[in-house]
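Trainee: I should like to study a protein model step by step. May we begin with its strands and then turn to its residues?

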Amino acid sequence: QVQVVESGGDLVQPGGSLTLSCAPSGTIFSIYVMGWHRQAPGKQRELVASLSGDGKTNYADFVKDRFTISRPYGSSTWYLHMSSLKPEDTAVYYCNMRAGGPHGLNDYWGQGTQVTVSS
């Protein structure tokens with residue numbers, strides 16, 4: 001069974017940094033897109049950043065120059081490095097991927113990890 005599991009959420013002070021991890025598991029033939037979304041209370045889920053299989057990145061305007069999505073060469077895990085965090089970054093962060101496996105091309109989502117930015 002293919003799944004993705006994120007980790008690393010925490011309480012952090014404004015201006016601080018945090019790194020989230022997303023680890024896929026199961027039989028995966030190819031990952032086409034890796035991403036991070038977030039959902040704050042009372043708001044819709046929104047894209048934070050994405051990374052394509054050929055290395056192209058895309059960021060929401062509200063995180064440009066503060067967040068970085070990456071996957072080290074040879075690693076199946078990808079990361080969201082967050083810096084200069086603001087209270088408005090408080091949300092549940094979800095990792096997701098579009099991947100091909102035994103059952104074809106599908107989208108997979110993690111269960112979410114809470115990031116709280118507060119003093």
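Trainee: In what order do the four strands of the open sheet lie?

Mentor: Please bear in mind that this is a predicted model. In general, strands of a sheet pair through backbone hydrogen bonds, either parallel or antiparallel. In the open sheet of four strands the pairing is antiparallel, and the order is S1-S3-S8-S7.

Trainee: Which are the edge strands?

Mentor: An edge strand is recognised here by pairing on one side only. The order of the sheet begins with S1 and ends with S7. The edge strands are therefore, given that each pairs on one side only, strand S1 (3-7) and strand S7 (67-70).

Trainee: By what angle are neighbouring strands of this sheet turned against each other on average?

Mentor: The angle is taken between neighbouring strands of the sheet, with direction ignored. On average, the turn is 15 degrees.

Trainee: Which residue in S3 stands opposite Val-5?

Mentor: Strand S1 pairs with strand S3 (residues 18-25) in the antiparallel sense, over five bridges. One residue pair across these strands is Val-4 with its bridge partner in S3, Pro-24. Opposite Val-5, in S3, stands Ala-23.

Trainee: Which residue in S8 is the bridge partner of Thr-19?

Mentor: S3 also pairs with strand S8 (residues 78-82), in the antiparallel sense and over five bridges. In S8, the bridge partner of Thr-19 is His-81.

Trainee: Which two residues form a disulfide?

Mentor: In general, a disulfide is a covalent bond between the sulfur atoms of two cysteines. A search of the whole structure finds one disulfide. Its sulfur atoms lie 2.0 Å apart, and they belong to Cys-22 and Cys-95.

Trainee: How many residues apart in sequence are the parts that this pair ties together?

Mentor: Cys-22 is found in strand S3, whereas Cys-95 is found in strand S9. The pair therefore ties together parts whose separation in sequence is 73 residues.

Trainee: Is the disulfide right-handed or left-handed?

Mentor: The torsion about the S-S bond of Cys-22 and Cys-95 decides this, and it is about 55 degrees. The disulfide is therefore right-handed.

Trainee: Is Cys-22 buried or exposed?

Mentor: A residue counts as buried when its relative accessible area is under 20%. The relative accessibility of Cys-22 is 0%, so Cys-22 is buried.

Trainee: Is Asp-89 buried or exposed?

Mentor: Asp-89 is placed in the loop between S8 and strand S9 (91-101). Leaving aside neighbours within four places in sequence, Asp-89 is in contact with several residues, among them Arg-38, Arg-66 and Phe-67. Because its relative accessibility is 0%, Asp-89 counts as buried.

Methods:
Residues are numbered from 1 along each chain as its sequence is written. This is a predicted model: local features need pLDDT of at least 70, side-chain atom pairs count only at pLDDT 80 or more; totals for chains, interfaces and linings use all residues. Side-chain values use heavy atoms; hydrogens and water are left out. Two strands pair if DSSP finds at least two bridges between them. Helices (H or I, at least four residues) and strands (E, at least two) are DSSP runs, numbered from the N terminus. Axes are lines fitted to C-alpha atoms, for helices over the stretch in contact, and angles run from 0 to 180 degrees between N-to-C directions. Buried means under 20% relative accessible area, exposed over 50%, partly exposed in between (1.4 Å probe, protein chains only). Contact means heavy atoms within 4.5 Å. A disulfide is a pair of cysteine sulfur atoms within 2.5 Å.
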